[in-house]
Amino acid sequence: MNENSILGVSFSRDAIQFVEAEMWEDAPSITNIAETKLDVPLDANAFKNSELIPHFATLIDNTVDSSSLHARDVRLSLYQNLALIKSFPMETALQDQDIRHHIEWELEQSLISPRDHYNVGFEIYSQNNSKSAVIVAALRKSVIHYVQDIFKKSLVSLKSIDIDLTAELRALNRLGGSAMNGINVLVHYDGLYFQLALLKNGTFVSSFFVDTQLSADALADNEETAGSVIVNAVQNLCEHNGLDQSDVKALFLSGHPLDKGSFSTIQQTVDQSVKKADSFEALNRQLNLEAEEYAKNTPEKFLAAVGMVFEDTGGN
């Protein structure tokens with residue numbers, strides 16, 4: 001095993017994804033991938049139950065062992081519904097102190113608990129010399145401590161925590177190449193909700209949240225719903241940013257895979273190209289046949305874990 005091996009891990013609501021990579025001159029080579037389904041959802045209720053901590057740690061260790069994952073340093077993304085996410089435009093010329101004051105003001109309008117109950121992180125995406133966009137994520141300290149306690153009981157060590165939105169944006173920015181030129185939309189499906197992120201030349205502009213109130217199985221039984229939800233969400237996102245839907249070149253789907261019927265309905269309903277966000281297409285891979293087939297069929301579910309592999313390699 002390369003001593004620079006990294007394990008990118010993403011906690012979804014109903015599964016955990018693993019992407020193992022070896023770093024060679026800042027260019028990752030994917031050596032293994034794995035996924036474990038959760039018998040207990042990783043939702044707000046789970047994070048209130050400390051008795052489940054050993055259970056989640058055991059699930060992680062069993063997957064590491066059964067899938068022959070060798071890396072021990074974990075970079076983790078949490079699904080964004082666990083955090084308060086805010087995005088807003090900002091002048092590029094603002095100084096660090098002014099940026100932080102602006103962020104704190106935005107948080108004051110949204111936090112439902114005292115500020116010291118949260119850890120706050122942010123990413124700034126420069127669009128041009130005068131405009132930038134900011135993503136702010138406020139994560140309850142109780143959630144962070146819970147996750148830390150899981151890994152204290154695990155064979156692997158937690159090195160960093162992010163949210164899937166910024167992890168996926170980082171992966172797309174590194175993997176998309178010319179496909180990211182122009183206006184595109186990243187559509188993340190969690191199994192209950194859609195989070196859309198508007199991108200201009202690969203750079204984040206703004207986001208839009210849609211709660212479908214439908215599970216993945218229910219959505220599969222209402223295929224037309226998926227199409228109408230996406231059309232309306234893209235329209236709202238564009239209108240909010242002074243764009244026409246025709247300005248959008250492509251939709252990139254990530255997260256929980258949609259059933260074939262819903263995917264096909266979306267393709268037929270919207271005017272844009274609809275693609276699975278392929279986490280592996282532009283990466284060197286050293287996967288066995290089973291893992292290679294898995295990566296080929298459902299690449300979108302691993303996008304956040306790939307984004308964590310890129311965390312310290314110069315991506316946004």
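This report describes a five-stranded sheet and two helices in a predicted model.

Residues are numbered from 1 along each chain as its sequence is written. In this predicted model, local features need pLDDT of at least 70, side-chain atom pairs count only at pLDDT 80 or more, and totals for chains, interfaces and linings use all residues, while side-chain values use heavy atoms, without hydrogens and water.

**The sheet.** Five strands form an open sheet in the order E11-E10-E9-E12-E13, with mixed pairing. Strands E11 (203-211) and E13 (273-276) stand at the edges with a single partner strand each, so one side of each has no neighbour in the sheet. Neighbouring strands are turned by 20° against each other on average, direction ignored. Pairing requires at least two bridges found by DSSP; strands (E, at least two residues) and helices (H or I, at least four) are DSSP runs, numbered from the N terminus. E9 and E12 pair in the parallel sense over seven bridges, and Asn-184 stands opposite Ala-250 in E12.

| Strand | Residues |
|---|---|
| E9 | 183-189 |
| E12 | 248-255 |
| E10 | 193-200 |

**The helices.** Helix H4 (residues 164-175) lies across E9, E10, E11 and E12, at about 135° to E9. Such angles run from 0 to 180 degrees between N-to-C directions of axes fitted to C-alpha atoms, for helices over the stretch in contact, contact being heavy atoms within 4.5 Å.

In helix H3 (residues 141-152), Val-143, Ile-144, Tyr-146, Val-147, Ile-150 and Phe-151 are buried, that is, under 20% relative accessible area (1.4 Å probe, protein chains only). Seen down the axis of H3, the buried residues fall within an arc of 160°, so they line one face of the helix; the arc is that of the directions from the helix axis to the C-beta atoms. Their cover includes strand E1 (5-11) and helix H1 (53-66).

Definitions and conventions. Expected span 1.5 Å × (residues − 1). Buried < 20%, exposed > 50% of the residue type's maximum accessible area, 1.4 Å probe, protein only.
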